[in-house]
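These are my notes from going through one model, entry by entry. I begin with a single residue and work outwards.

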Amino acid sequence: QVQLVESGGGLVQAGGSLRLSCTASGQAFSSYALGWLREAPGKGREFVASMNWDGSRTYYADSVKGRFTFSRDNAKNMAYLQMNNLKIEDTAVYFCAAGPTATITTTYDYWGQGTQVTVSS
C-alpha cells in the first residue's frame, strides 16, 4: 500500500502559478503509476494528468495541456504538479492518486485527501 498527502494548494489570481506536491509513504512508491485529478464544486471528479512508474509516459487533459507539468522524484517519494497560467475554471480540489497503470480515467487504487486550489479574477 501507499499513502499520499497533497500540499501546495491555495488562492491565486488568474494567470498565476502554483505547484502542488504529493508526498508518499509506504511500500514501492516507484512501482506505481500516479495521477492528478480534480473535483470542482457541483462537478464530478475529472482527470488532469497521469504518469507511469518511471516518468517515461505522461498524459494530460486537453484543458491543462501546455499549462500544467507533472513530474515525479522516485528517490524522494514525491510527485509534483506545476500549474501555470491558471484560469478560474481550474478552481477545484486536487487529488494525487496511485495505481498500477497510468490512465486518463479516474480509476486509481489509492488517493490523497486533496488540496484546494482557488483561482480568482
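In which strand does V12 lie? I looked it up in the model, which is a predicted one. V12 belongs to strand β2, residues 10-13.

**Entry 1: V12.** I next asked whether V12 is buried or exposed. Its relative accessibility is 13%, and the cut-off for buried is under 20%, so V12 counts as buried. I then listed its contacts, leaving out residues up to four places away in sequence: S17, L18, L86, T118, V119 and S120. I also checked V12 against T91, which is 79 residues away along the chain. Their C-alpha atoms are 9.7 Å apart.

**Entry 2: the sheet.** I turned to an open sheet of 4 strands and wrote down its order as β1-β3-β8-β7, with antiparallel pairing. β1 and β7 are the edge strands; each has a single partner, so one side of each has no neighbour in the sheet. From one strand to the next the twist averages 15 degrees.

I went through the pairings in sheet order. Strand β1 (residues 2-7) is joined to strand β3 (residues 18-26) by 6 bridges, and the two run antiparallel. Within that pairing I noted L4, whose bridge partner in β3 is A24. β3 is in turn joined to β8 (residues 78-83) by 6 bridges, again antiparallel. Here I found S21 opposite Y80 of β8. Finally, 6 bridges join β7 to β8, and these strands also run antiparallel. F70 stands opposite L81 of β8.

**Entry 3: the core.** Which residues of the largest nonpolar core touch the most other members? The core has 30 residues, and the ones I was after are W36, V48, F68, F70, L81, M83 and Y94. I then traced which strands contribute: β1, β3, β4 (33-39), β5 (45-51), β7 (68-73), β8, β9 (92-99) and β11 (115-120) each supply at least two residues. F70 and L81, the pair I had found opposite each other, are both on the list of residues with the most core contacts.

I took M83 for a closer look. Beyond residues up to four places away in sequence, M83 touches G16, S17, L18, L20, R67, F68, Y94 and V117. F68 and Y94 are therefore contacts of M83 and, like M83, among the core residues that touch the most other members. As general background, I note that nonpolar side chains tend to be buried together in soluble globular proteins.

**Entry 4: the disulfide.** How many disulfides are there? I counted 1. The bond joins C22 to C96, with an S to S distance of 2.1 Å. C22 sits in β3 and C96 in β9, so the pair ties together parts that are 74 residues apart in sequence. The angle about the S-S bond is -75 degrees, which I recorded as left-handed. Both C22 and C96 are buried.

**Entry 5: N52.** My last look-up was a loop residue. N52 is found in the loop between β5 and β6 (58-60). Is N52 buried or exposed? Its relative accessibility is 5%, so N52 counts as buried. Its contacts, with residues up to four places away in sequence not counted, are Y32, A33, R57, R72 and A102.

Methods
Residues numbered from 1 in each chain as written. Predicted model: local features only at pLDDT ≥ 70, side-chain atom pairs only at ≥ 80, totals over all residues. Heavy atoms only, no water. Pairing = 2+ DSSP bridges. Core = buried A, V, L, I, M, F, W, Y, C linked by side-chain atoms within 4.5 Å. Buried < 20%, exposed > 50% of the residue type's maximum accessible area, 1.4 Å probe, protein only. Contact = heavy atoms within 4.5 Å. Axes fitted to C-alpha atoms, helices over the stretch in contact; angles between N-to-C directions. Disulfide = S-S within 2.5 Å.
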